[in-house]
Amino acid sequence: MSEPNPYKPEDSGSYEWGPGQQAGTPGYGYPQAGPGYGYPQAPPYQPTLPGGVPVPPQYGPGAGLPAGGAGAPLLSLGDITVVGDQIITPAGALPLKGAVWNAMDMSRTEEKIPTVAIVLAIIFFVLCLLGLLFLLMKEKQTTGFIQVTVTSGGRHHATMVPATGPDTIHWVMGQLNYARSLSV
C-alpha cells in the first residue's frame, strides 16, 4: 500500500493513494443525503442492526411521536410500549388493533429457614428449649421472569419482565388485560 494507485487515470486530479473511485458513487465517510436534499444520485441512508434488520425509529425529547400516535405512553411492559395506536418495540412499530398478547410465568417462589434463625436456635437451645421456636422463621424468595409476547401485523416480539415477588404475575396480567382491551 506504499505505491500510488496504478489504475488511476493521469488526468483525475490530486488523489493518488488507495482504491480508485468511479464518478457518481458515494465515497467513504458520512452517508450522502437522499433524493430531495441536493444529492439525487445517492439513496437515503438506512442504518441497520446486525443481520440486516432496520434500526427502529428513535423517539426522544426533541423528536416527534410516530405517525398516528399522540400523547404519553399508555402502557409499558419490559421493552414493549403502547403509544396511541401503535406498539413500539426494539424491532419496530406494530399496529395496536388486532394485537394478540400472551404471558407465561417462568418464576418460582422458594421458602427457606434463614441462616440467622438457625444460629439463634443453636445458641438458645443451650440456654433453654425455647430456642427451637426460631426454626419457625421462614423467608420467601422469588426468582425468575415473566415472558410477555405480542403478535401483530404478521410480526412477533417477546420480552422478559423480572419477577420481584410472588405478586408480580398479577401485576403483569393486569397490564396485559389492559393491553388486550386497547387492542380490540
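These legends walk through several close-up views of a predicted model.

**View 1. The whole chain, from one end to the other.**
Welcome to the predicted model, shown here in full before we look at its parts. The chain holds 2 helices and 7 strands. Starting at the N terminus, you will meet these elements in the order β-β-β-β-β-α-β-β-α. Of the 184 residues in the chain, 24% count as buried. The chain exposes about 12900 Å², and carbon and sulfur atoms supply 62% of that area. If you count contacts between residues at least 6 apart in sequence, 47% of them join residues at least 24 apart.

**View 2. An open sheet of 4 strands.**
Here the strands follow the order S1-S2-S3-S4 in an open sheet, and their pairing is antiparallel. Which strands stand at the edges? They are strand S1 (75–77) and strand S4 (92–95); each has a single partner strand, so one side of each is left without a neighbour in the sheet. On average, neighbouring strands of this sheet are turned by 20° against each other, direction ignored.

**View 3. Where S1 meets S2.**
This view picks out one pair of strands from the sheet of 4 strands. S1 pairs with strand S2 (residues 80–83) over 3 bridges, in the antiparallel sense. To find your way, look for leucine 75, which stands opposite valine 82 in S2. Lying across S1 and S2 is helix H2 (residues 168–182), which runs at about 135° to S1.

**View 4. An open sheet of 3 strands.**
The second sheet view shows an open sheet in the order S5-S6-S7, again with antiparallel pairing. Its edge strands are strand S5 (100–112) and strand S7 (155–162), each pairing on one side only. From one strand to the next, the twist averages 10°. How many bridges join S6 to S7? There are 8 bridges between these two strands, which run antiparallel. One handy landmark is glutamine 147, whose bridge partner in S7 is methionine 160. Helix H2 also appears in this view: H2 lies across S5, S6 and S7, and runs at about 170° to S5.

**View 5. The largest nonpolar core.**
Now we turn to a group of 17 residues that makes up the largest nonpolar core. Those with the most contacts inside this core are Ile80, Val82, Ile87, Trp101, Val148, Val150 and Val172. The elements giving two or more residues to the core are S1, S2, strand S6 (139–152) and H2. Which of the elements gives the most? H2 does, with 4 residues.

**View 6. Around tryptophan 101.**
Tryptophan 101 is among the core residues with the most contacts inside the core, and this close-up shows what surrounds its ring. Leaving out residues up to four places away in sequence, tryptophan 101 touches Ile80, Val82, Ile87, Leu96, Thr149, Val150, Leu176, Ala179, Arg180 and Ser183.

**View 7. Threonine 149 and its contacts.**
Our last stop is threonine 149, a residue of strand S6. Is threonine 149 buried or exposed? Its relative accessible area is 13%, and because buried means under 20%, threonine 149 counts as buried. Setting aside neighbours within four places in sequence, threonine 149 is in contact with Val100, Trp101, Asn102, His156, His157 and Ala158. Tryptophan 101 from the previous view is one of these partners.

How values were computed. Residues numbered from 1 in each chain as written. Predicted model: local features only at pLDDT ≥ 70, side-chain atom pairs only at ≥ 80, totals over all residues. Heavy atoms only, no water. Pairing = 2+ DSSP bridges. Axes fitted to C-alpha atoms, helices over the stretch in contact; angles between N-to-C directions. Contact = heavy atoms within 4.5 Å. Core = buried A, V, L, I, M, F, W, Y, C linked by side-chain atoms within 4.5 Å. Buried < 20%, exposed > 50% of the residue type's maximum accessible area, 1.4 Å probe, protein only. Areas by Shrake-Rupley, 256 points an atom, 1.4 Å probe, with all protein chains shown as cover.
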